[in-house]
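Student: Please choose one part of this protein and take me through it closely. I would like to see how that part fits into everything around it.

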Amino acid sequence: MTKIHTYLNFNGTCEEAFLFYSSVFKTPLTAIHRMKDLPPDPEYPINSTDANLVMHTSLKLNEHTMLMGSDSVESLGQKVVNGNNTYIMIDTETKEEAQAIYEALSKNAQKIEMPLGEQFWAELYASFIDQFGISWMVHYEGNKAV
């Protein structure tokens, strides 16, 4: 079975974001690796300012889905440019799950594009940009299934 995982890149806030997501989804980080954990490479030296940035971390949301992320390292020419080209869609099994995830994940949101509510295609749907600039959709189809 092919699995699709979402990978998020941050400008220095990966750890903070993933600790927040861990609390929302009530699942621990599977691991957190830092730039200083990389084997030394003279062609790509990691300076002391970047040493504690997150090289890779992840949350296992369920048997088939993981949320993964890292910090971009500007000293190595990496830079995140946030945009609206990627959303993470959480498809819930119950109204209660949709409401709980929406309330937790939209806390301190940068922008609520569509608050959680009924739509013609779903009993509950919301879209928003969280406090870290990540775009989310929360969906509960319920009795609107076709």
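Tutor: The chain has an accessible surface of about 8,900 Å², and carbon and sulfur atoms account for 51% of that area. Please keep in mind that this is a predicted model. Its C-alpha trace spans about 60 × 30 × 25 Å along the principal axes. Of the 146 residues in the chain, 38% are buried. Among contacts with a separation of 6 or more, 52% join residues that lie 24 or more positions apart.

A quick map will help before we zoom in. The chain holds 2 helices and 8 strands, and from the N terminus on their order is β-α-β-β-β-β-α-β-β-β.

The part I would choose is helix 2, which covers residues 95-105. Ala98, Ile101, Tyr102 and Leu105 are its buried residues. Where do these buried residues of helix 2 sit around its axis? Looking down that axis, you find them within an arc of 100 degrees, so they line one face of the helix. Glu96 and Glu103, by contrast, are exposed on the other side of helix 2. If you have the model open, try turning it until you look along the helix.

What does the buried face of helix 2 pack against? Its partners are helix 1, strand 5, strand 6, strand 7 and strand 8, the last being residues 135-140. Let us leave the helix at its C-terminal end and visit some of these partners.

The loop between helix 2 and strand 6 contains asparagine 108. Its phi is near 60 degrees, a positive value in a residue other than glycine. As a rule, most residues other than glycine have a negative phi. Asparagine 108 has a relative accessible area of 54%, so it counts as exposed.

Past that loop come two of the packing partners. Strand 6 (residues 111-119) and strand 7 (residues 122-129) run antiparallel and are joined by 5 bridges. A hairpin of 2 residues links strand 6 to strand 7. Within this pair, glycine 117 stands opposite tyrosine 125 of strand 7.

Tyrosine 125 also brings us to the aromatic rings. Counting rings whose centres lie within 6.5 Å of each other, the model has 10 aromatic pairs. In one of them, tryptophan 121 and tyrosine 125 have ring centres 5.2 Å apart and planes at 70 degrees, so this pair is edge-to-face. How exposed is each partner? Tryptophan 121 is partly exposed at a relative accessible area of 31%, while tyrosine 125 is buried at 10%. Elsewhere, Phe10, Phe18, Phe20, Tyr21, Phe25, Phe132 and Trp136 form one aromatic cluster.

Helix 1 is another partner of the buried face of helix 2, and following helix 1 leads to a sheet. This open sheet has 4 strands in the order 1-4-3-2, with mixed pairing. Strand 1 (6-10) and strand 2 (29-34) are at its edges and have a single partner strand each, so one side of each has no neighbour in the sheet. On average, neighbouring strands of this sheet are turned by 15 degrees against each other, direction ignored. Helix 1 (residues 14-25) packs on the sheet and touches strand 1, strand 2, strand 3 and strand 4 (65-71). The direction of helix 1 makes about 10 degrees with that of strand 3.

Within the sheet, strand 2 pairs with strand 3 (residues 54-62) in the antiparallel sense, over 5 bridges. Here isoleucine 32 stands opposite threonine 57 of strand 3.

Two loops round off the tour. Between helix 1 and strand 2 the loop contains lysine 26, whose phi is near 55 degrees, again positive in a residue other than glycine. With a relative accessible area of 73%, lysine 26 is exposed. Serine 72, for its part, lies in the loop between strand 4 and strand 5 (87-91), and at 11% relative accessibility it counts as buried. Leaving out residues up to four places away in sequence, serine 72 touches Asn9, Phe10, Asn11, Leu53, Gln78, Lys79 and Val80. Among these contacts is Phe10, which you met above as a member of the aromatic cluster.

How values were computed: Residues numbered from 1 in each chain as written. Predicted model: local features only at pLDDT ≥ 70, side-chain atom pairs only at ≥ 80, totals over all residues. Heavy atoms only, no water. Phe/Tyr/Trp six-rings, centres within 6.5 Å; stacked < 30°, edge-to-face > 60°. Buried < 20%, exposed > 50% of the residue type's maximum accessible area, 1.4 Å probe, protein only. Pairing = 2+ DSSP bridges. Axes fitted to C-alpha atoms, helices over the stretch in contact; angles between N-to-C directions. Contact = heavy atoms within 4.5 Å. Arc of directions from axis to C-beta. Areas by Shrake-Rupley, 256 points an atom, 1.4 Å probe, with all protein chains shown as cover.
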